[in-house]
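I opened my notebook for a fresh look at this chain. My plan was to go from the overall build to the surface, one entry at a time.

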Amino acid sequence: MDIKVSSDFLTGLLFCGLGAVAIIIGSSYPIGTASRMGAGYFPLMISSGLVLLGGILIIRSFLVETAEVGHVDFRPLLMLVVSILLFGLLIESWGFLVAGVLVVVGARVAGRHYAPLETALLAVGLAVFCLLLFVYGLGLHLPATHLW
């Protein structure tokens with residue numbers, strides 16, 4: 001059988017893999033029943049749906065002609081992963097505002113075209129909005145900033 005590396009095939013593999021990992025991790029939680037759901041019921045249903053969707057995409061990739069995967073640019077992916085990791089590492093030591101600004105700047109720089117002034121305004125605006133929403137609106141205990 002000739003397996004083409006199409007976007008549907010790869011997406012189906014990704015969904016099946018993520019769903020299977022989530023099922024394995026969530027298997028230690030009590031499932032319960034539909035009327036008395038345990039902590040593992042909802043993750044099991046969502047993960048099963050993800051595996052089912054992945055299977056449908058894999059089968060579809062064999063039946064329908066889809067475009068093959070072309071060149072993948074790893075620079076934006078690497079920039080996004082690094083900015084998210086920096087957010088997680090810096091939120092406790094530098095505070096929510098600084099970590100939030102850095103993650104937005106990292107996400108904008110991951111693209112090919114960005115305007116520095118627009119990026120700065122967006123980063124500050126989103127960081128302040130998220131600070132107001134999560135810290136003051138929802139009452140989460142996140143350090144606002146440790147710079148002053």
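These entries cover confidence, fold, overall dimensions, the surface and two leucines.

**Entry 1: confidence.** I began by noting that this is a predicted model. The chain averages a pLDDT of 86, and 94% of its residues score at least 70. I then looked up how confidence varies by element: helix α2 (residues 41-63) is highest at 92, while α3 is lowest at a mean of 88.

**Entry 2: fold.** How many helices and strands does the chain have? I found five helices and zero strands. Read from the N terminus, the order is simply α-α-α-α-α.

**Entry 3: dimensions.** I looked up the radius of gyration and got 21 Å, where a compact globule of 148 residues would be near 15 Å. The C-alpha trace spans about 60 × 45 × 20 Å along the principal axes. Among contacts with a separation of 6 or more, 67% join residues 24 or more positions apart.

**Entry 4: burial and surface.** I asked what share of the 148 residues is buried. Buried residues come to 24%. The chain exposes about 10300 Å², and carbon and sulfur atoms supply 75% of that area.

**Entry 5: the nonpolar patch.** Next I went looking for nonpolar side chains on the surface. I found a patch of about 780 Å² made by V5, L10, L13, V69, V72, F74, L77, V81 and L85. Two elements give two or more residues to this patch, namely α1 (7-26) and α3 (74-94). Which element gives the largest share? That is α3, with four residues.

**Entry 6: F74.** I picked one patch member for a closer look. F74 is found in helix α3. Why does F74 count as exposed? Its relative accessible area is 56%, and exposed means over 50%, so F74 passes the cut-off. Handy for my notes: α3, which holds F74, is also the element with the lowest mean confidence, 88.

**Entry 7: L78.** I stayed in helix α3, where L78 is found. L78 is exposed because its relative accessible area of 56% is over the 50% cut-off. Last, I looked up how far L78 lies from L142, which is 64 residues away along the chain. Their C-alpha atoms are separated by 26 Å.

**Entry 8: wrap-up.** My picture for now is a chain of five helices with a radius of gyration of 21 Å and a nonpolar surface patch to which α3 gives the largest share.

How values were computed. Residues are numbered from 1 along each chain as its sequence is written. This is a predicted model: local features need pLDDT of at least 70, side-chain atom pairs count only at pLDDT 80 or more; totals for chains, interfaces and linings use all residues. Side-chain values use heavy atoms; hydrogens and water are left out. Patches are made of residues with over 30% relative accessible area and no salt bridge: like charges are joined within 9 Å, nonpolar side chains (Val, Leu, Ile, Met, Phe, Trp, Tyr) within 5 Å. Accessible areas come from the Shrake-Rupley method with a 1.4 Å probe; for residues, only the protein chains shown count as cover. A salt bridge is a side-chain nitrogen of Lys or Arg within 4 Å of a carboxyl oxygen of Asp or Glu. Buried means under 20% relative accessible area, exposed over 50%, partly exposed in between (1.4 Å probe, protein chains only). The radius of gyration is taken over C-alpha atoms; the globule rule is 2.2 Å times the number of residues to the power 0.38. Contact means heavy atoms within 4.5 Å. pLDDT is the predictor's confidence in each residue, from 0 to 100.
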